[in-house]
Amino acid sequence: MVRANYNDLKNGIHQITEYLVLFLNNLLLGHHHILQNRTMHINGMFKISNKQDIGSLKQDIQLKHRLEYEGFSKKTVQNALRLFQEFGFEIIFSRKDVMKILNLTESPSSTLIKRLRELDVIEPVKGFGKGKYRFKTTIDK
């Protein structure tokens, strides 16, 4: 709740409701979003970038351009962006989650995950079972 109400405009820190929404999704809807203290801290954030509010939008644009550059179809680009909007950087997902969100069967979901891994857009996550992924925080061309 603190991050949803805290502003320090001098240092470029703005209130964000992202973590509050994730917490409420966990509590009320039974989701399993990872909420770690170290990812919610603002300590030193303004030294890295004072444009934290556009971080996910910038990543969204980079992802779109990267996928279009690689020749992905418009539908595939839309699906990848939808996944990024749903999961962001912190949420770990599986093929089953992709199937549910995009309303796809196993094979297209697996193909999308495979292509996103080949492009180094998502990375496998260890310690949560086999077949768990998350979006990388940087996308290099």
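Reader: What makes a residue count as being in contact with Ile-122, and which residues are they, leaving aside its neighbours within four places in sequence?

Author: In this predicted model, a contact is counted where heavy atoms lie within 4.5 Å. With neighbours up to four places away in sequence set aside, Ile-122 is in contact with Phe-93, Ile-113, Leu-116, Arg-117, Tyr-133, Arg-134, Phe-135 and Lys-136. Ile-122 also belongs to the largest nonpolar core, which has 22 residues, and together with Leu-67 and Phe-135 it touches the most other members.

Reader: Which elements each supply at least two residues of this core, and which gives the most?

Author: Helix 5 (55-69), helix 6, helix 7, helix 8 and strand 2 each supply at least two residues, and helix 6 gives the most, with six residues.

Reader: Why is the pair of Phe-84 and Phe-135 called edge-to-face?

Author: The centres of the two rings are 5.3 Å apart, and rings pair if their centres lie within 6.5 Å, so Phe-84 and Phe-135 form an aromatic pair. The angle between their planes is 80°, and because an angle over 60 degrees counts as edge-to-face, that is the name given to this pair. Phe-84 lies in helix 6 (residues 74-87) and Phe-135 in strand 2 (residues 133-135), so the pair ties together parts that are 51 residues apart in sequence. Both Phe-84 and Phe-135 are buried.

Reader: What makes the pair of Phe-87 and Phe-93 stacked?

Author: Here the ring centres are 4.5 Å apart and the planes are 5° apart; planes under 30 degrees apart count as stacked, so this pair receives that name. Phe-87 and Phe-93 are both buried. The structure holds five aromatic pairs, and ring pairs link Phe-84, Phe-87, Phe-89, Phe-93, Tyr-133 and Phe-135 into a cluster.

Reader: How do you know whether Ser-109 is buried or exposed?

Author: The place of Ser-109 is in helix 8, and its relative accessible area is 0%. Buried means under 20%, so Ser-109 counts as buried. Not counting residues up to four places away in sequence, Ser-109 touches Arg-95, Val-98, Met-99 and Leu-104.

Reader: How do you know where the buried residues of helix 8 fall when they are seen down its axis?

Author: The buried residues in helix 8 are Ser-109, Leu-112, Ile-113 and Leu-116. Seen down the axis of helix 8, they fall within an arc of 95°, so they line one face of the helix. As a general point, an α-helix has 3.6 residues a turn, so residues three or four places apart point the same way. On the other side of helix 8, Ser-107, Lys-114 and Glu-118 are exposed.

Reader: How does the reach of helix 8 from its first C-alpha to its last stand against what is expected?

Author: Helix 8 (residues 106-118) has 13 residues and reaches 18 Å, which is close to the 18 Å expected at 1.5 Å a residue.

Reader: Ser-94 lies in the loop between helix 6 and helix 7; how do you know whether it is buried or exposed?

Author: The relative accessibility of Ser-94 is 10%, and because this is under 20%, Ser-94 counts as buried. Beyond residues up to four places away in sequence, Ser-94 touches Ile-113, Gly-131 and Lys-132. The C-alpha atoms of Ser-94 and Arg-134 are separated by 8.7 Å, while the two residues are 40 residues apart along the chain.

Reader: Why does Asn-103 count as exposed, and why does Asp-120 count as partly exposed?

Author: Asn-103, in the loop between helix 7 (95-102) and helix 8, has a relative accessibility of 70%; exposed means over 50%, so Asn-103 belongs to that class. Asp-120, in the loop between helix 8 and strand 1 (122-124), has 41%, and because this value lies between 20% and 50%, Asp-120 counts as partly exposed. Phi of Asn-103 is near 60°, a positive value in a residue other than glycine, and Asp-120 has a positive phi of about 65° although it is not a glycine.

Reader: How many helices and strands are there in the protein chain, and what pattern does it follow along the sequence?

Author: There are eight helices and two strands, and the pattern along the sequence is α-α-α-α-α-α-α-α-β-β. Buried residues make up 32% of the 141 residues in the protein chain.

Note on methods: Residues are numbered from 1 along each chain as its sequence is written. This is a predicted model: local features need pLDDT of at least 70, side-chain atom pairs count only at pLDDT 80 or more; totals for chains, interfaces and linings use all residues. Side-chain values use heavy atoms; hydrogens and water are left out. Helices (H or I, at least four residues) and strands (E, at least two) are DSSP runs, numbered from the N terminus. The expected span of a helix is 1.5 Å times one less than its number of residues. Buried means under 20% relative accessible area, exposed over 50%, partly exposed in between (1.4 Å probe, protein chains only). The arc is that of the directions from the helix axis to the C-beta atoms. Rings of Phe, Tyr and Trp (its six-membered ring) pair if their centres lie within 6.5 Å; planes under 30 degrees apart count as stacked, over 60 as edge-to-face and the rest as tilted. A nonpolar core is a set of buried Ala, Val, Leu, Ile, Met, Phe, Trp, Tyr and Cys residues joined through side-chain atoms within 4.5 Å.
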